Amino acid sequence: MPETTIMSSEDVRRAIMRIAHEIVENNHGCQDLVFIGMQTRGVPLAERIAQGIAEFEGETVPVGSLDIGLYRDDLPDVGLSIEIKPSDIPTDIAGKRLVLVDDVLYTGRSIRAALDALIDYGRPQRIQLAVLVDRGHRELPIRPDYVGKNIPTSRRDDVQVRLLETDGGDGVALIAESR
Amino acid sequence: MGGSAALLVQEPPPAILTRPAPGTWQHHHVLDLDDFSTDEIELVMETAGVMKEVLARPIPRIPTLRGTTIITVFYEASTRTRSSFELAGKALGADVINITSSGSSITKGESVVDTVLTLQAVGADILVMRHSHSGAPYLAARNTRAGVINAGDGWHAHPSQALLDLFTIRSHLGDVRGRKVVIIGDITHSRVARSNIWGLTTMGAHVVVCGPPTLLPVGLEGPRGSEDGREAALPPVEVETNVDRAIKDADVVMTLRLQLERMQSGLVPSIREYCNLWQVTSKRLATAKPGALVLHPGPVNEGVEISLDVAHGAQSVIEEQVANGVAVRMALLYLISRGRG
C-alpha cells in the first residue's frame, strides 16, 4: 500500500510549537490551563506542548491522560481488541480551562466519549480541542480549536501519526487504501 | 513392527498448563478458576486496576454496560458479595436486580432451571448466582444464554473472591510467583480456599494449607490421581497441621472463617482448642516475614480464627479486600459482556 509522508519530523515539531503559542494567545496566558492527552498518542503530544510553553512562557501547565476505552459507542463490535488503560487526571478540573489533545481528529466520536468522561470528573470552565491532524469526515458536531495540519482524505485511507515516544520517530503518513 | 521401546503414556497435563493465546478471553461464564490461564488472570488484574481508578473519581460511574441487565440470584445469605456485585454493576451503568430465595418463587419450590429460564425471558444478560449446592451455577449456565458468574456454590468455588484476594496481595507485594501463601482454617468446607488454591498456584505462588486434620481434605498433597482420589481435581499444595510451621516466613497469611456448626458435628472439639492450636495471633504472625499480609474473606469471627489485634492491626488488609472486590467484580462483568463480540 503506497505511503505518502504528509508531515516530516520538522513539520511535526513546528506544528506543536505553533499550537502551543496559539493556546497561550487564545487563553490570554496560562491561568487555570490543564492539558488532557487522549491515550495513546495524545499524551506525548500534550506533554510536548506543555514543554514548549514552559520554554517560551516559563509557566508549567499540568498534563493528565484520559483513556476512553470504557466510553466508546462501538464496544459490542470491537469487543476485547481494545486495551483499556487507567486515566490519570492530576488535579481537580472544576473551573479549569481544559485543552484536550489528540493526534488525529476523524469522526469526532472519540472526542464525544472524552467529553462524557471529563464531565464525570467535575465541571470545567471550558474545554478546547487541539489535534495534530484533522482528516475530515466528521459524524458529530465536533470541531477543533487548534489544528496542526488539515489533510483531506478518503474514508478508505489511513492516517498514521508516529511520535518519538511511541513509535521511535516523528512523522505523519497517509496510507492510501487500494481497492 | 517390532521394537522394545516402551510407549510412555503421559498423564494429561493439569488444567493450569493450558494457555489460550495471549490477549484472548475465553469465558462466557466465570464459574471456577480451574480453567483460567495466567494470561486471563492477568487480564482480570489489569482491568480491575482500571476499574479501581473509576471508583476513585468524584462520580464513580461509566456508561460501559448501559442497557445490560444483571440479576443477582442468591440462595444463601450474603452481605459483602451481593452488595459488591450490585455496586459493581451500577458503577458500570447496568441495571441490577437482586433476587433472594426468601423473596421469590423459590419459596414455592421453583427449580434452578425454571428460575434461570424465567430470568432470561425477563431480559437478564448476566446472572450472578450463589447456591448452597456445588454445581448449581453450572446447571444454570447450561440452561441460559446469559453469562453466569458463580458467587459461591456449596464448598466448591468462589472465583471472584479468589481474584480479589489475588488483586489485594499483588497491590502490596507485586508478583506472587514464589511467594509463600498460607491458608489457615476449615479447608474442607471452604470454596474460598479451593478457588484461592487454583488462582494462586496458576500464578506461581507456593501455597500451604493448614488446619485441624479433621478439616483438611484428603489427598490434597498427593500426586494427581491418588488412591483416594477425592481431591484429585485440585493442584497439589503443601499440607501442614502445625500452624507455627505453616506461618513461618510466610508472605501472606489467609485465614478462613470457622463455622461454629463444626463444633456440633464433632469435627473440632471446642473453640478454645481451635484457638490454642490454629488462631492467628500477633505472636504467631511475628514469625511470618516482616510486613506479611493478613487476609480474611469475611465475616470475621474475631477472637476465633484470628485475634482482635491482628484483625485490626497494621498488617491486616481485610478492608482493602472488600474495596477491591467491587473493582474486581466490575472487571469480571465487563470482560464477560465484552468478550463475546
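Two strands count as paired if DSSP finds at least two bridges between them, and helices (H or I, at least four residues) and strands (E, at least two) are DSSP runs numbered from the N terminus. This is a predicted model, in which local features need pLDDT of at least 70, side-chain atom pairs count only at pLDDT 80 or more, and totals for chains, interfaces and linings use all residues. Residues are numbered from 1 along each chain as its sequence is written, while chains are lettered from A and ligands numbered from 1 in the order in which they are written.

**Exercise 1. Describe the four-stranded sheet of chain B, beginning with one pair of strands.**

Step 1. Strand E1 of chain B, residues 69–74, pairs with E2(B) in the parallel sense over six bridges, and Phe74(B) stands opposite Thr100(B) of E2(B).

Step 2. The open sheet has the order E2-E1-E3-E4, with parallel pairing. Strand E2 (95–100) and strand E4 (147–153) of chain B have a single partner strand each, so one side of each is left without a neighbour in the sheet.

Step 3. From one strand to the next the twist averages 15°, where axes are lines fitted to C-alpha atoms, for helices over the stretch in contact, and angles run from 0 to 180 degrees between N-to-C directions.

**Exercise 2. Find the strand order in the open sheet of chain A, and say which helices lie across its strands.**

Step 1. Five strands with parallel pairing follow the order E3-E2-E4-E5-E6 in chain A, and the edge strands, E3 (63–66) and E6 (146–150), pair on one side only.

Step 2. Strand E2 (residues 33–38) and strand E4 (residues 97–105) of chain A are joined by five bridges, with Val101(A) in E4(A) as the bridge partner of Gly37(A).

Step 3. Helix H1 (residues 9–26) of chain A lies across E4, E5 and E6 of chain A, at about 150° to E6(A), whereas helix H4 (residues 109–119) of chain A lies across E2, E3, E4 and E5, at about 155° to E4(A).

**Exercise 3. Work out where the buried residues of H1(B) lie around its axis.**

Step 1. The buried residues (20 or more other C-beta atoms within 10 Å of their own, C-beta atoms being placed from the backbone) include Leu43(B), Thr47(B) and Met51(B) in H1(B).

Step 2. The buried residues of H1(B) cover an arc of only 165° around the axis, which puts them on the same side of the helix; the arc is that of the directions from the helix axis to the C-beta atoms.

Notes: Contact = placed C-beta atoms within 7 Å. Buried ≥ 20, exposed ≤ 12 C-beta atoms within 10 Å, placed from the backbone.
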